[in-house]
Amino acid sequence: MSLLRLEVSDPQFTPAHTRYISIHSSHLGGRHDVSVYNADTTQRDIPVVILLHGVYGNHWVWMNLGGVHKVYEQLRAEGLEEFLLVMPSDGGLLDGSAYLPLADKGNYEQWIMDDVVNAIKTLHPSQVTDKSRWYISGLSMGGYGALRLGAKYPECFSGVSAHSSITQLDDMAQFVETPLSFYRCEEPREADLLHWFDKTTDTRPALRFDCGTDDSLIDANRWLHQQLVTRKISHEYQEYAGTHEWAYWHEHVAESFKWFSAIEKRHKSAV
């Protein structure tokens, strides 16, 4: 699928290092938005981090509620590898799309995997090349999206890191009033994380996730951890003090960046 239209912000009118993009997508039949940070980078083959937001949010929340760019800049000063940060909308469906390919409602998965990815390649052809590694992270519903897309498309990502994740579609009921039947997909097991983890047995991206000990999703994350242990799927799982809130994600998104940076350093040392 080719991108139909792009509208891109003018650097003279936008905050430093930031670019806003509107993409017209045939997958969703409309215009949806992406924030990009470190948009003025000149680094060739730069790795890309996709950050997926949770319910109620939009493309701007990672920066304007989570201060993710502040965390990134602090870590950069301490030796973090350079990344292009890409923060898309989930597609704007009700309180959240779950980043799923929904029957008769739009393919919110391909909005990320096709539209967003190709827009970034189109706008940054000298920086984002075939040698660029891609990473994905998210919080809550976005954590679920990152885990599912990382498991379903393991060849596309070098690392997955999720925070306070929904781990089964039933968890969405904690946050939305929409009946879960609304999230029906054509394939019966499409929304099942374990289906994709079980299916992709040959090559998997590096995987980590964490959750706050006072988070309502702590049992769901412990369940996923145990399921992965039982399946002998390599991963790291951490619990920290905290609940389901931006203060937690502002602090622990640093774990994603450091995890991805370590992977980058290993790749560079192996060359």
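Trainee: How do the residues lining the largest pocket divide into nonpolar, polar and charged?
Mentor: This is a predicted model. The lining includes Val55, Leu65, Phe175 and Trp246, and Gly54, Gly57, Ser140 and His244 are also among its residues. Gly counts as polar here. The split is eight nonpolar, four polar and no charged.

Trainee: How much space lies in that largest pocket?
Mentor: Tyr56, Val61, Leu139 and Trp249 are among the residues around it. The space in the largest pocket comes to about 160 Å³.

Trainee: Which helix gives the most to the largest nonpolar core?
Mentor: That core has 61 residues. Ile50, Leu100 and Met172 have the most contacts inside it. Eight of the core residues come from one helix, residues 108-123. That is helix H3.

Trainee: How many residues are in the second, separate core?
Mentor: Tyr72, Met87, Leu139 and Trp249 are included in it. Leu139 and Trp249 also line the largest pocket. The second core has 23 residues.

Trainee: Which residues does Met172 touch, leaving out those up to four places away in sequence?
Mentor: Met172 is one of the residues with the most contacts inside the largest core. One of the residues Met172 touches is Val55, and Val55 also lines the largest pocket. The full list is Val55, Gly96, Ala98, Met141, Ile166, Leu180 and Tyr183.

Trainee: Why does Cys156 form no disulfide?
Mentor: A disulfide is a covalent bond between the sulfur atoms of two cysteines. The cut-off here is 2.5 Å between sulfurs. The closest cysteine sulfur to that of Cys156 is in Cys185, so the bond is ruled out by a distance of 18 Å.

Trainee: Is Cys211 buried or exposed?
Mentor: Buried means under 20% relative accessible area. Cys156, at 31%, is partly exposed. Cys211 has 0% relative accessibility, so Cys211 counts as buried.

Trainee: Where is Leu94 found?
Mentor: Most residues other than glycine have a negative phi. Leu94 has a positive phi of about 45°. Leu94 is also exposed, with a relative accessible area of 55%. Leu94 is found in the loop between E5 and strand E6 (101-102).

Trainee: Is Ser164 buried or exposed?
Mentor: Ser164 is in the loop between strand E9 (159-163) and helix H5 (193-199). Phi of Ser164 is positive, near 50°. The relative accessibility of Ser164 is 0%, so Ser164 counts as buried.

Trainee: How far apart in space are Gly79 and Ser261, C-alpha to C-alpha?
Mentor: Gly79 is in the loop between helix H2 (68-77) and strand E5 (84-88). Gly79 is partly exposed, at 42%. In sequence, Gly79 and Ser261 are 182 residues apart. In space, the C-alpha separation is 9.1 Å.

Methods: Residues are numbered from 1 along each chain as its sequence is written. This is a predicted model: local features need pLDDT of at least 70, side-chain atom pairs count only at pLDDT 80 or more; totals for chains, interfaces and linings use all residues. Side-chain values use heavy atoms; hydrogens and water are left out. On a 1 Å grid over the protein atoms alone, a cavity is a set of points where a 1.4 Å probe fits but cannot get out, and a pocket is an open set with protein on both sides within 12 Å along at least five of seven lines; lining residues have an atom within 4 Å of a point. Grid points are joined across faces, edges and corners, and a volume is the space filled by probe spheres set on the points. A nonpolar core is a set of buried Ala, Val, Leu, Ile, Met, Phe, Trp, Tyr and Cys residues joined through side-chain atoms within 4.5 Å. Buried means under 20% relative accessible area, exposed over 50%, partly exposed in between (1.4 Å probe, protein chains only). Helices (H or I, at least four residues) and strands (E, at least two) are DSSP runs, numbered from the N terminus. Contact means heavy atoms within 4.5 Å.
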